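Reader: Could you take me on a close look at one pair of packed helices here, and then walk outward from there to the rest of the fold? I'd enjoy a connected account rather than a list.

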Amino acid sequence: MEANCENVTPYTPDEMSFWRVTIALMLASLSVFSTLYVFQPLLPVFTSQLNISATEASFLMSACVLAMVAGLFVLGFVADRYGRSFVMKGSLIVTALSLLVIPFTPSFEWMVTFRVIQGFFLAGIPAAAMGYLGEEMAHKHLGLAMTLYISSNALGGMGGRIVGGYMTDFFDWKITLWSFAGFSLIATFSFMFMLPEERFFRETDQRIVEDLQGMLVHLKNAHMLVLFLLGVLLQIVFTAIWTYVPFYLQEEPFTWSLKWIALTYFAYIFGVLAPPIAGRFSDAFGLKKVMFTGVILLIIGVMLTSISSGILVLSGLSLICMGFFVAHSMAAALVSKSATHHRSGASGFYLISYYIGVAVGSTAVGTLWEQFQWNGVISVTFLLIILFLLHPLYKGE
């Protein structure tokens with residue numbers, strides 16, 4: 001399939017199609033990331049109702065995320081061959097249907113199995129959306145569309161956690177998942193109706209081996225290795241905090257109910273607002289300095305959560321979100337800027353390292369929680385402090 005590009009121009013904000021594409025992808029992003037993260041605040045519920053440990057419950061997150069890593073490889077490859085809208089539509093359908101089925105599963109093992117299937121297809125949106133935008137939107141206005149899409153990623157994650165936790169405090173967790181499945185179905189049908197067909201898509205016969213080679217080239221660059229490592233470590237810390245904070249706040253001296261714990265995810269607002277501000281500072285001070293400032297903010301926030309004060313814990317969670325999203329956005333920009341060739345491969349490697357960090361932070365840190373409680377969870381933050389020792393590997397930006 002080859003698009004006929006004759007007399008066809010990329011979309012601009014003056015055209016309704018620009019906003020149809022942007023809103024469609026925002027809805028898809030909200031659906032995908034709310035589905036991914038709605039399980040996170042429910043983990044304490046699963047431990048009590050299904051009689052499993054916190055580490056076992058965390059497999060509902062880590063198994064899904066590891067499947068997303070595989071999906072990024074496979075669905076990204078399929079999207080380049082058969083079309084991005086095809087992959088995104090199929091992914092949204094499977095995502096919605098799997099979420100609808102999970103409450104009917106007879107055992108925890110089946111829940112994890114369906115989360116693996118779901119995770120693989122959740123990757124369809126992040127694997128194809130940026131490529132679709134890059135081809136269909138005018139380059140001058142790509143930043144606007146991309147910013148709105150990425151912001152909806154954070155909003156979807158925040159909404160899944162807040163609404164999911166709050167609803168489950170009043171209703172059964174199955175009703176919560178069915179409600180999210182309903183939203184996902186609405187988002188899917190809206191996406192199919194609103195998203196225009198691709199006009200600039202070209203099929204490619206590039207082999208997957210060539211794509212992998214483009215990514216592996218960057219493993220020989222020490223500067224890029226530190227950035228990939230930072231992506232892993234940032235997510236290990238960030239995911240560990242947000243996976244186990246519901247368990248932490250349910251215990252003494254806090255004893256908060258699930259609905260109040262769910263409200264702590266409003267800290268994500270700082271993660272939505274901080275990166276655009278940090279972007280302006282990076283023009284003056286450089287990406288690297290702003291990135292490490294974000295890391296410092298995150299570390300300070302983690303330290304605050306170790307103090308048995310509700311106010312300080314909330315302040316710490318806000319700083320964690322602010323620092324994480326600043327550091328993450330600057331690191332992603334540095335990856336793109338530092339790669340002189342195979343830029344998509346470099347960005348893909350960073351994204352994969354990012355999701356590996358999610359998987360490790362969800363489950364591997366569970367052993368630390370079981371053995372040492374909150375002090376064990378926040379101990380992983382020292383990995384970021386060690387990263388500062390690698391600072392000499394940076395020689396300019």
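Author: Happy to. In this predicted model, helix α6 (residues 108-122) packs with helix α7 (residues 124-136) at an angle of about 5°, and their axes are 5 Å apart. An angle under 35 degrees counts as roughly parallel, so α6 and α7 are roughly parallel to each other. On the α6 side, the residues that meet α7 are Phe120, Phe121 and Leu122. Their partners in α7 are Gly124, Ile125 and Pro126. Sorted by character, the residues of this contact of α6 with α7 comprise five nonpolar, one polar and no charged. Glycine counts among the polar residues here, so Gly124, which is listed in the contact, is the polar one.

It helps to set that pair in its surroundings. The protein has 18 helices and zero strands. Of its 397 residues, 53% are buried. Among contacts with a separation of 6 or more, 83% join residues that lie 24 or more positions apart.

A second helix pair makes a good companion to the one you asked about. The axes of helix α11 (residues 222-250) and helix α17 (residues 366-378) come within 10 Å and cross at roughly 95°. That falls in the 65 to 115 degree range, and α11 and α17 are therefore roughly perpendicular to each other. From α11, the contact draws on Ala240, Ile241, Tyr244, Val245, Phe247 and Tyr248. From α17 come Gly366, Trp369, Trp374, Val377 and Ile378. Here the residues of the contact divide into ten nonpolar, one polar and no charged.

Leaving α11 along the chain, you come to the loop that leads to α12 (258-263), where Pro253 is found. The peptide bond from Glu252 to Pro253 is cis, with omega near 5°. Thr255 lies in the loop between α11 and α12 as well, and its phi is near 50°, a positive value in a residue other than glycine. With a relative accessible area of 47%, Thr255 is partly exposed. Why do such details catch the eye? Because most residues other than glycine have a negative phi, and most peptide bonds are trans. Asn51 is another residue with a positive phi, about 55°, although it is not a glycine. Asn51 sits in the loop between α2 (43-49) and α3 (54-57), and at 71% relative accessibility it counts as exposed.

Further along come two helices with a glycine between them. Helix α13 (residues 268-285) has 18 residues and reaches 25 Å from its first C-alpha to its last, close to the 26 Å expected at 1.5 Å a residue. There is a kink of about 30° at Ala274, shortly before the proline Pro275. Ala274 and Pro275 are both among the buried residues of α13, along with Tyr268, Gly271, Val272, Ala278 and Ser282. Gly286 follows α13 and has a positive phi, near 100°.

Helix α14 (residues 287-305) has 19 residues and reaches 28 Å between its first and last C-alpha atoms, close to the 27 Å expected at 1.5 Å a residue. Its buried residues include Leu287, Lys288, Val290, Met291, Phe292, Gly294 and Val295. Also buried in α14 are Leu298, Ile299, Gly301, Val302 and Thr305.

Val290 is a good place to see α13 and α14 come together. Val290 belongs to α14 and is buried, with a relative accessible area of 9%. Val290 and Ala278 are twelve residues apart in sequence, and their C-alpha atoms are 6.8 Å apart in space. Leaving aside neighbours within four places in sequence, Val290 is in contact with Ala278, Phe281, Ser282, Val326 and Met330. Two of these partners, Ala278 and Ser282, are themselves listed as buried in α13.

One last stop is a glycine in helix α8 (residues 142-170), namely Gly157. Gly157 is buried, with a relative accessible area of 1%. Not counting residues up to four places away in sequence, Gly157 touches Phe33, Ser34 and Tyr37. The C-alpha atoms of Gly157 and Tyr265 are separated by 9.0 Å, although the two residues are 108 residues apart along the chain.

Technical notes
Residues are numbered from 1 along each chain as its sequence is written. This is a predicted model: local features need pLDDT of at least 70, side-chain atom pairs count only at pLDDT 80 or more; totals for chains, interfaces and linings use all residues. Side-chain values use heavy atoms; hydrogens and water are left out. Helices (H or I, at least four residues) and strands (E, at least two) are DSSP runs, numbered from the N terminus. The expected span of a helix is 1.5 Å times one less than its number of residues. The bend at a residue is the angle between axes fitted to the seven residues ending there and the seven starting there. Buried means under 20% relative accessible area, exposed over 50%, partly exposed in between (1.4 Å probe, protein chains only). Axes are lines fitted to C-alpha atoms, for helices over the stretch in contact, and angles run from 0 to 180 degrees between N-to-C directions. Angles under 35 degrees count as roughly parallel, over 145 as roughly antiparallel, 65 to 115 as roughly perpendicular and the rest as oblique. Contact means heavy atoms within 4.5 Å.
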